[in-house]
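Let's take a look at how the chains, ligands and helices sit together in this one. Here is the model.

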Amino acid sequence: MAVTDSGGTESARTPAKKPNRLFKNLTAKLASVPMILTAIVVFIGCTGWTIYHSFTKSRLLPAPDKWVGLDQYERLWSTRRWLVSIENLAIYGICSLVLSLVIGFTLAALLDRKIRGESVFRTIFLYPFALSFIVTGLVWQWVLNPDFGIQSVVQRWGWESFTFDPLNNADIVIYGILIAGIWQGSGFIMVIMLAGLRGIDEDIWKATRVEGIPVWKTYIVVIIPMMRPVFVTALVLIAAGIIKVYDLVVAQTSGGPGISSEVPAKYVIEKMFQSQNLGQGFAASTMMLVSVLVVLIPWAYLEFGGKRRD
Amino acid sequence: MTNVTVKDLTLEFGAVRVLDKLNLEIEEGEFLVLLGASGCGKSTLLNCIAGLLDITDGEIHIGGRNVTWEEPSERGIGMVFQSYALYPQMTVEGNLSFGLKNAKVPKPEIAERVARAAEILQIEPLLKRKPAALSGGQRQRVAIGRALVRDVDVFLFDEPLSNLDAKLRADLRVELKLLHQRLQNTMIYVTHDQVEAMTLADRIAIMRGGVVQQIASPAEVYNRPSNKYVAGFIGSPTINFFEGDIAEGGVEFATADTKMPLTGYEASQGALSARPAWLGIRPESVITGTDVDTQPFTTEITVELFEAMGADTLVYTTLAGTPFRFRMSGQARVAAGDTLRIGFDPAQGSLFDKTTEERL
Amino acid sequence: MTNVTVKDLTLEFGAVRVLDKLNLEIEEGEFLVLLGASGCGKSTLLNCIAGLLDITDGEIHIGGRNVTWEEPSERGIGMVFQSYALYPQMTVEGNLSFGLKNAKVPKPEIAERVARAAEILQIEPLLKRKPAALSGGQRQRVAIGRALVRDVDVFLFDEPLSNLDAKLRADLRVELKLLHQRLQNTMIYVTHDQVEAMTLADRIAIMRGGVVQQIASPAEVYNRPSNKYVAGFIGSPTINFFEGDIAEGGVEFATADTKMPLTGYEASQGALSARPAWLGIRPESVITGTDVDTQPFTTEITVELFEAMGADTLVYTTLAGTPFRFRMSGQARVAAGDTLRIGFDPAQGSLFDKTTEERL
Amino acid sequence: ADLEVTHWWTSGGEAAAVAEFAKALDATGHTWIDGAIAGSGGTARPIIISRIIGGDPMHATQLNHGRQAEELIEAGLLLDITDVAEAQGWKDIINPSSLLDSCTVDGKIYCAPVNIHSWQWIWLSHKAYEDAGVPVPSNWDEYVASAAALEAAGKIPLAMGQQAWQSSGAFGVINVAVGGVELWNKINVEKDAEAAGGAEMAKVFEAAAAARAMAANSNVQDWNQATNLVITGQAGAQIMGDWAQGEFQVAGQVAGEDYTCLPGLGVNEVISTGGDAFYFPKQGDADIEAAQKELAALLVSPEVQVNFNLKKGSLPVRGDIDLSSANDCMKKGLEILAAGNILLSGDQVLSADTSGQIEDLMVEFWNDPSYSAADAQAKYAEIIGDAD
Amino acid sequence: MTDATANKGVTPRGAKPRRRLSPTNIMLYGTLFVASVYYLLPLYVMIVTSLKGMPEIRLGNVFSPPVEVTFEPWVKAWAEACTGINCDGLSRGFWNSVQILVPSVVISIAIASVNGYALSLWKFKGSEVFFTILIFGAFIPYQVMIYPIVILLREAGDVLSAMTGTKIRLMGSVWGLVIVHTIFGMPILTLLFRNYFASVPEELFKAARVDGAGFWGIYFRIMLPMALPIFVVAMILQVTGIWNDFLFGVIFTKPETYPMTVQLNNIVNSVQGVKEYNVNMAATLLTGLVPLIIYFASGKLFVRGIAAGAVKG
Ligand SMILES: Nc1ncnc2c1ncn2[C@@H]1O[C@H](COP(=O)(O)OP(=O)(O)OP(=O)(O)O)[C@@H](O)[C@H]1O
Ligand SMILES: Nc1ncnc2c1ncn2[C@@H]1O[C@H](COP(=O)(O)OP(=O)(O)OP(=O)(O)O)[C@@H](O)[C@H]1O
Ligand SMILES: [Mg+2]
Ligand SMILES: [Mg+2]
């Protein structure tokens with residue numbers, strides 16, 4: 001290392017000259033090499049590679065020379081399973097976004113009311129986050145099993161006609177998955193919200209009490225708007241999770257009954273490896289990426305583009 | 001008629017007793033300043049009066065009504081916070097009207113009250129802005145406005161100016177004083193800035209460790225502090241203390257090597273008797289120059305250090321074996337090592353018992 | 001010999017030019033205070049001198065060496081920050097020795113230097129404690145110690161006392177002054193507290209919008225401010241300004257209804273000529289009581305408001321159509337509505353051109 | 001050498017069969033490192049393929065033989081074992097020879113077939129029929145007729161797991177049984193979309209729709225859970241390949257006494273000759289290659305074939321061995337095989353992609369009662385039309 | 001209001017009487033209680049089921065407590081359950097998981113913390129651009145990347161081999177897996193650290209520079225010791241993430257080094273006749289034990305760390 005940022009003894013001998021920009025903060029730049037490589041090679045490079053190959057007729061192995069244009073996309077959008085997957089993702093995404101935020105915030109708000117046993121409750125809400133989606137899927141599959149689970153228990157209590165069998169009902173199976181997904185992830189959102197609530201100036205609460213604002217109204221009109229950055233953080237985390245939902249579905253329903261709980265990530269995986277049609281899988285994943293960008297770019301623009309912070 | 005009365009107020013946080021059987025009576029229209037070092041319980045007391053803290057024992061009356069168990073919003077108080085506590089996502093107008101809307105005050109009346117408050121505080125041009133787009137002083141004004149629109153009898157201020165810079169603080173101080181003269185509300189004002197306390201207060205309550213040490217007019221507190229703590233707390237630069245003995249009959253105060261006459265001292269109760277004591281002399285009661293010889297006590301000192309502050313100069317020296325500071329005019333020309341003749345009247349100072357530290 | 005020289009220093013944050021071709025020469029051993037309103041670029045200038053910001057243009061020399069592109073640690077400077085910036089996880093000793101260890105100073109020498117600094121600052125008993133276990137004043141002392149052990153020629157202070165309470169601030173101010181007398185280092189000290197500036201500085205540089213307005217001794221800045229901004233900035237309570245015209249020959253200053261004699265005014269350059277101007281009169285140069293009639297200008301005013309601050313009383317009135325404030329002794333008894341006779345010497349004030357606002 | 005072998009044989013019968021391979025290999029002085037990945041080929045295949053592509057291949061791996069490995073071979077990632085095949089004379093002993101053809105690319109052999117699996121079976125539970133009080137049917141039509149009685153007795157007429165390959169497999173079986181071999185060949189081998197959309201095929205779809213109704217209450221996931229329904233008599237029958245036999249065996253049931261197996265659904269007695277094969281990714285290490293080849297030879301050796309296939313319930317790949325210890329069902333299969341009533345397997349004739357599309361279609365069809373037979377057929381014809 | 005009327009005749013004095021069963025409290029604790037049931041139910045089911053024998057499971061429902069407590073399923077899950085021909089349950093995977101976990105957690109956190117540190121205190125031209133790309137990367141489904149990453153690792157291994165002259169394989173070694181975990185953990189962790197370090201007073205950083213500390217000096221001596229809460233958060237997130245990972249674990253390792261989750265998948269999916277729910281549940285609990293213990297033990301630190309890092313910025 002010829003030049004270092006701090007040792008810089010060499011540059012000290014030629015003080016009047018402005019040092020080369022490139023070598024400024026050289027250590028910082030060197031230390032960022034893994035990040036730069038990851039960003040460029042993995043996130044940009046691999047994505048580009050994937051997008052490129054989605055225009056080819058790659059089967060088991062990538063075949064960059066078999067260019068087929070938009071064929072893969074045409075087939076994709078005429079496949080029922082893909083359409084169902086997209087629809088499921090939309091339902092699951094919106095519901096889990098809304099429910100995670102609502103449940104996470106509500107629980108955090110309740111815990112923030114100076115209650116007894118806060119840490120016990122907090123641990124109870126948070127522990128599912130420690131478990132993998134595979135485990136989550138299995139347990140809920142079991143709890144929702146119509147013969148042994150909730151349905152049978154309620155029926156045994158005497159409510160004979162009670163049916164609650166989401167995992168075997170194609171119309172509502174996605175909600176069965178949602179129950180499990182919320183169970184696993186909302187605790188983490190709760191913690192984030194709790195941290196945000198703790199950051200609210202105590203005086204704001206006092207001010208609203210002096211003005212006689214009811215607690216619920218204070219939350220809705222004053223506190224939630226103040227927690228915007230926290231909500232954004234939570235939103236990013238939830239959204240990043242939603243797009244990737246795969247393990248949960250595999251463990252809980254394997255996409256069934258039929259194809260009623262298929263999700264895009266599963267479609268991608270299965271097309272790529274099971275059907276040995278990489279091109280199709282890549283086309284599907286490109287579509288997923290596009291949908292992420294459609295959501296993300298306007299947000300990023302609003303968040304960072306409009307007003308420059310720090 | 002008493003407007004705010006605090007009877008035997010005790011407050012404990014867990015095992016810690018922060019306020020200890022505190023009593024306080026505040027007249028209607030009075031401007032009372034709670035002054036004390038950090039952590040002495042000023043904010044706690046204010047929060048108790050506002051109903052924001054559940055008290056452990058005692059009673060609180062406002063406007064003749066026992067409000068001990070009432071909600072903050074029902075006590076007829078308005079409160080202004082150190083951090084302003086404005087609602088950041090609402091405009092100034094929204095901030096001012098939020099409480100009224102919530103209390104279901106009719107729209108036209110809200111508009112009228114907001115307009116009046118805005119006019120009083122001269123924040124009309126700001127009504128449509130959000131707090132983030134306001135300067136510190138403007139924010140503080142909006143915070144006051146929020147209490148103002150609610151048309152309350154008692155205003156509570158918790159260090160409302162301490163987040164502002166010196167200049168703004170001085171300006172807003174004057175504004176507050178004028179506001180009080182105009183509204184004639186009862187105001188309870190917490191600060192640890194003594195200039196604020198001295199200039200604003202009708203009466204100052206000096207607190208220490210959850211107990212009120214002295215409650216009196218600014219002049220009284222300054223000139224006749226009830227104990228050594230108050231004397232040392234009030235006044236900048238700090239008062240000078242001499243350790244010594246009062247001679248029989250209270251005619252004289254004697255340190256190891258110096259004797260100072262006490263003729264004319266106004267004792268707090270009865271006459272002075274011989275005992276060990278502290279004598280406090282304020283830096284600004286020292287006289288130099290031609291008038292020195294009119295003073296009952298004169299001596300010669302050597303300047304050790306001086307601070308020229310423009311309007312005044314502060315001189316550091318040693319007198320009767322203790323460090324001694326006094327103030328001279330800013331035009332005075334002194335240098336370290338100079339010898340000066342100074343004089344003061346020890347009877348204008350304050351004497352404190354050596355052990356109880358109470359004023360004699 | 002000049003110790004620190006700043007030549008044509010320009011600094012831009014993006015498109016915003018914060019410092020604009022600023023020049024400054026600081027003598028060896030001098031105590032220079034940078035004073036100015038918030039956001040005027042004081043900290044920025046200090047950071048540039050320290051090498052913590054990359055300058056856009058210009059040169060910085062320290063001890064005769066061009067250090068413009070050197071690392072902060074090589075410039076022979078020590079820096080003390082407003083928030084102390086102590087390393088929270090290290091003991092006081094660790095904080096003091098961190099820089100030396102980085103510079104690979106031998107162990108015994110580190111120990112010796114730390115011991116010396118600790119002795120100078122009287123923090124020996126604290127050496128094993130962590131910053132969290134120190135009071136504000138002690139932390140500040142450690143922060144100074146950190147600069148001290150590094151045996152540097154130039155000390156940079158960025159509002160080192162502004163996080164402390166008034167009392168402590170006054171004490172540390174004196175300590176700093178003594179420290180400077182003892183070490184005779186060059187010190188550059190940023191503050192926006194003018195009392196600090198007045199008491200500590202050998203020279204004060206008053207900044208505004210990235211430009212130095214005046215650089216001179218405290219007395220000069222106070223008595224002969226170079227322009228209206230400086231006059232208004234320095235002095236608390238603020239100087240009073242009258243708007244009016246200088247009469248031909250500079251004998252008189254006339255407002256709409258009042259005439260004030262200017263005999264004896266020391267003009268900055270040449271003689272006074274007739275022109276519209278501002279006259280600034282400091283509140284503390286007003287005299288009341290028996291000596292009034294010795295003053296070139298006397299008048300009668302009505303007290304509108306007064307602030308008794310213990311040692312002094314500030315009286316608010318209107319004179320010649322403008323609000324006017326002046327200071328009286330704390331013992332003076334006045335009340336709103338009283339009529340008082342006051343006097344001052346307009347020639348002791350400062351005159352500023354109406355348009356350029358420069359001192360005449 | 002240590003040979004790591006990946007496969008997805010993890011159910012009871014399967015694991016017992018694999019143990020035979022391992023035992024045989026260990027006996028040669030090499031070590032079998034078992035790389036079982038549970039959850040069917042769907043889970044295992046991405047892992048196998050990524051490891052081969054990533055340059056860190058296992059030493060041998062199970063793959064359905066047929067077209068799955070074509071590209072890997074073309075990319076030169078798999079070991080050529082032609083010399084082993086020639087030395088052992090596989091050409092002569094492997095029966096049917098189509099199995100070896102599937103391992104051959106450009107005249108070179110890349111895999112060792114280990115068994116023949118045929119899909120064309122229906123497994124009937126004696127207990128279920130006893131409980132329902134009707135005789136065990138002997139062909140598809142009788143079975144369809146008996147469904148009502150089973151249902152009345154609280155039985156599930158047809159047990160079906162919900163994995164995609166089960167749906168599409170069961171359809172294939174019905175296709176051969178109801179539509180006949182010729183139609184099947186026309187569609188699957190010649191990719192005749194017209195036939196796929198034709199009237200004969202419509203019957204097949206009708207039959208599948210009927211089967212769908214019978215399987216409506218079967219909400220298990222895995223195939224062996226469905227088999228278990230038959231074993232315990234909760235369900236009347238299951239359409240499943242011959243590997244189901246392993247489960248009956250593990251459960252201690254005897255063919256003919258506790259259960260009945262009908263090849264070709266008792267209608268068209270043919271069997272498809274799909275199966276499993278082992279491939280040997282290239283390692284670039286002579287010692288290991290030698291060991292890999294040794295393993296290849298071993299897998300096809302008569303003794304191992306017998307032991308393995310008896311446990312697995314599949315048919316051996318060589319015609320020259322004695323399977324007198326085989327049970328009834330297996331013997332039936334052997335007879336059909338000997339008679340040459342064979343069919344290529346889906347894996348051999350359709351690309352994985354097309355199979356995948358058909359699976360998608362079938363899983364949807366089987367699970368969505370509102371999906372009409374006609375609609376499904378139209379979609380099916382479309383897929384066949386696009387097949388390559 | 002209710003309080004005032006309820007206490008008519010009493011002079012209000014002292015603490016306001018608080019009714020324990022006020023409607024607010026009933027609502028508050030009621031909601032918390034109901035929510036707790038939802039969150040605890042699956043855990044209860046897991047535990048109860050894992051302690052029952054198979055016959056009991058088939059008869060009863062999932063919620064009924066075990067009539068006859070048996071630890072058989074636990075033993076089986078840990079040491080006896082079969083996958084293929086290996087019948088040693090999860091025990092083998094446990095140590096593999098630990099061996100994967102430790103380097104992955106350490107390296108991914110080390111790199112992400114340096115990234116966050118550089119991004120907040122040593123900004124350079126373009127650093128924000130890379131950061132933005134990284135954040136976008138958080139949204140890319142892993143599956144999309146697997147294929148190219150497999151190829152990348154192969155190529156990187158070849159390059160390294162050529163450079164060092166010895167055969168280095170990233171694919172299939174623990175190091176390949178470490179790289180993958182580092183890459184996929186990077187977006188969120190970097191964000192976390194960046195936000196945290198951005199909240200450290202800048203003056204501290206300046207003071208250290210005046211004291212002559214460089215990039216690494218400041219990182220190790222000043223920032224690292226201060227960043228403990230955020231390290232705890234990062235550690236918890238990574239430990240759970242990596243411990244629970246199945247996809248990478250199975251693709252980038254070999255049978256001898258399969259992590260516990262792969263064994264779990266094998267046990268759960270290797271159905272032998274009937275599903276042995278009790279063994280599955282025991283295996284599930286055993287697999288989740290490490291992250292669960294970490295959560296139970298450090299919940300408080302977690303919340304504190306989140307407050308310090310994740311929420312700002
Ligand atoms: N919620 C609390 N729990 C425990 N102790 C507290 C709490 N709030 C305040 N205290 C303690 O009560 C004492 C009084 O606090 P208070 O805020 O009233 O002081 P203060 O006089 O307002 O000080 P400052 O001038 O710094 O605002 C302090 O010692 C403080 O530590
Ligand atoms: N990193 C930055 N990016 C952009 N603008 C900056 C930055 N730092 C400071 N500024 C701007 O530069 C100007 C001068 O800032 P500086 O901190 O030097 O003021 P100051 O005189 O020290 O004020 P204060 O008394 O409040 O400390 C301000 O207007 C500020 O907004
Ligand atoms: Mg307070
Ligand atoms: Mg500054």
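Of the eight pairs of chains in contact, which share the most contacts? That would be chains A and E, where contact means heavy atoms within 4.5 Å. Before going further, a word on the ground rules: this is a predicted model, in which local features need pLDDT of at least 70 and side-chain atom pairs count only at pLDDT 80 or more, while totals for chains, interfaces and linings use all residues. Residues are numbered from 1 along each chain as its sequence is written, chains are lettered from A and ligands numbered from 1 in the order in which they are written, and side-chain values use heavy atoms, with hydrogens and water left out.

Some chains don't meet. Chain B and chain D have no contact, and their closest C-alpha atoms lie 51 Å apart. Chain C and chain D don't touch either, with 46 Å between their nearest C-alpha atoms.

**The ligands**

Ligand 1 sits with chain B. The residues around it (a heavy atom within 4 Å) include B:Phe13, B:Val18, B:Glu159 and B:His192, along with the run B:Ala37, B:Ser38, B:Gly39, B:Cys40, B:Gly41, B:Lys42, B:Ser43 and B:Thr44. Helix H1 (residues 42–50) of chain B gives the most to this shell, three residues; helices here are DSSP runs (H or I, at least four residues), numbered from the N terminus. By class, the shell around ligand 1 has four nonpolar, six polar and two charged residues. For that split, Ala, Val, Leu, Ile, Met, Phe, Trp, Tyr, Cys and Pro count as nonpolar, Asp, Glu, Lys and Arg as charged, and the others, Gly among them, as polar.

Ligand 2 sits with chain C, and its surroundings include C:Phe13, C:Val18, C:Gly39, C:Glu159 and C:His192. Helix H1 (residues 42–50) of chain C supplies the largest share of the shell around ligand 2, three residues. That shell divides into four nonpolar, six polar and two charged residues.

Here are some polar contacts (pairs of N or O atoms within 3.5 Å) to the two ligands:

| Residue atom | Partner | Distance |
|---|---|---|
| B:Gly39, backbone N or O | oxygen of ligand 1 | 2.8 Å |
| B:Cys40, backbone N or O | oxygen of ligand 1 | 3.3 Å |
| B:Ser43, polar side-chain atom | oxygen of ligand 1 | 2.5 Å |
| C:Ser38, polar side-chain atom | oxygen of ligand 2 | 2.5 Å |
| C:Lys42, polar side-chain atom | oxygen of ligand 2 | 2.8 Å |
| C:His192, polar side-chain atom | oxygen of ligand 2 | 3.3 Å |

Taken alone, ligand 2 exposes 630 Å², and the protein buries 56% of that. For ligand 1, the protein covers 55% of its own 630 Å² of accessible area. Both areas come from the Shrake-Rupley method with a 1.4 Å probe.

**Helix pairs in chain D**

Helix H19 (residues 352–367) and helix H20 (residues 373–386) of chain D pack at about 175 degrees, axes 10 Å apart. Axes are lines fitted to C-alpha atoms over the stretch in contact, and angles run from 0 to 180 degrees between N-to-C directions. H19(D) and H20(D) are therefore roughly antiparallel, a label for angles over 145 degrees. On the H19(D) side, D:Ile358, D:Leu361 and D:Phe365 are among the residues that meet H20(D), whose partners include D:Tyr380, D:Ile383 and D:Ile384. That contact has nine nonpolar, two polar and one charged residues.

What about helix H9 (residues 164–179) and helix H10 (residues 181–188) of chain D? They pack at an angle of about 130 degrees, with axes 6 Å apart. H9(D) and H10(D) are therefore oblique to each other, the label left for angles that are not under 35, over 145 or 65 to 115 degrees. D:Gly172, D:Asn175, D:Val176 and D:Gly179 in H9(D) meet D:Val181, D:Leu183, D:Trp184 and D:Asn188 in H10(D). Here the classes come out as four nonpolar, four polar and no charged.

Conventions: A polar contact is a pair of N or O atoms within 3.5 Å; within protein, one must be able to donate a hydrogen and the other to accept it, and residues adjacent in sequence count only if both atoms are side-chain atoms. Helices (H or I, at least four residues) and strands (E, at least two) are DSSP runs, numbered from the N terminus.
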